[in-house]
Amino acid sequence: MSSSITPRVKPPALRPGDTVGIVAPASNMKRGDLEAGCKGLRRAGYRPFYFESIFEQDLYFAGSVQRRARELEEMFAREEVRAIVCARGGYGANYLLEALDLEKIKAHPKIFVGYSDVTTLLTYFSDTAGLVTFHGPMVAKDWLHEDGVDLTSWQAALAGTVAWEPNLGAGSGANGLVEGAVEGILYGGCLSILVASLGTPYEIRTEGTILFLEDLAAKPFQIDRMLMQLKLAGKLDGVQGIVFGEMRDCLQNANQGYRLEDVVLRIVGSLGVPVAYGVRSGHVTAGNITLPIGVRAGLTVRGGQVSLRILEAAVSDVKNKVKS
């Protein structure tokens, strides 16, 4: 099994006043949503920048494969752009895998943020380019809402706090399913996108990881099927721990008579690793947490309580190494 424990390239940190490049590598979006998200970025102290071509549409994509690939490469190459945040997910990032010039991206390592369909690129850049990437809020989805972004984790992850942890205490929605304490490389993203990589040259590398899994509006039996596929493919064999997201709207119906937690425990409960549930990163109702992909982390589950501690800075040129 391929391992995700490889030397990582940490992109330069994001500072107040920096330019944030916005890309649409998958589906198209409404102009009003993107502009509202840009206002949110400005309120947080950043300077959003995007190309007008981001509003192009080809079927359900944000323009052609070539447009989307060149847009992404250009944002990595532009010196003034300090971070790249996706506008939205949807579908279509997988088309870019064969179209991107990976050497251009490796030559200009930068913060790259997204979730949902963007999981394809988060894991591709992590596994193939060795780049630390970020599972976190997107411009036309989370930044357009006042309560859409967990700013504490965003700043800790992107500014370079050396050791920190998201708030998973009372009221956060997080709870423990299987007790234990482990360390590993934080990795993962949208479950359906991770499963879609199996059998391709871009297959996910899960050995030695604390595997984060989340999804939206998938019925419990579909979650079951995808987890079983990961298990049968051997992708859960070397995992150190598992963290599930909020799993928003993942139910059969309101009166189904069982919890999704019961469903997932049938597959992962006997792996002998700690399992947490309800960490709000990705498809969430509010307060999207930024999680760095490819850094060392510690997961502790005790008495139903969860702690997910990031054990190293996720970015370089850290000037103020203050532990949180």
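Reader: How many residues does helix H1 have, and what does H1 reach from its first C-alpha to its last?

Author: In this predicted model, local features need pLDDT of at least 70 and side-chain atom pairs count only at pLDDT 80 or more, while totals for chains, interfaces and linings use all residues. Residues are numbered from 1 along each chain as its sequence is written, and side-chain values use heavy atoms, with hydrogens and water left out. Helices (H or I, at least four residues) and strands (E, at least two) are DSSP runs numbered from the N terminus. The expected span, 1.5 Å times one less than the number of residues, is 18 Å for H1 (residues 31–43), and H1 comes close to it with 13 residues and a reach of 19 Å.

Reader: Which residues of H1 are buried, and why do they lie on the same side?

Author: Buried means under 20% relative accessible area, exposed over 50%, and partly exposed in between (1.4 Å probe, protein chains only). In H1 the buried residues are Leu34, Gly37, Cys38, Gly40 and Leu41. They are on the same side of H1 because they cover an arc, taken from the directions from the helix axis to the C-beta atoms, of only 155°.

Reader: Which residues are exposed on the other side of H1?

Author: The buried residues of H1 are covered by elements including strand S1 (19–23) and strand S2 (47–49). On the other side of H1, the exposed residues are Lys39 and Arg43.

Reader: Is Thr123 buried or exposed?

Author: Thr123 is in helix H4 (residues 119–128). Contact means heavy atoms within 4.5 Å; leaving aside neighbours within four places in sequence, Thr123 is in contact with Tyr187, Gly188, Leu194 and Ile204. Its relative accessibility is 6%, so Thr123 counts as buried.

Reader: Which residue in the turn between S12 and S13 has a positive phi?

Author: Two strands pair if DSSP finds at least two bridges between them. S12 (residues 296–302) is joined by 6 bridges to S7 (residues 180–190), antiparallel, and S12 also pairs with S13 (residues 305–310) in the antiparallel sense over 6 bridges. S12 and S13 form a hairpin with 2 residues between them, and the turn residue with a positive phi, about 55°, is Gly303.

Reader: What is the radius of gyration of the chain?

Author: The chain has 8 helices and 13 strands. Taken over C-alpha atoms, the globule rule being 2.2 Å times the number of residues to the power 0.38, the rule gives 20 Å for 324 residues. The chain is close to that, so it is as compact as a globular protein of that length, with a radius of gyration of 18 Å.
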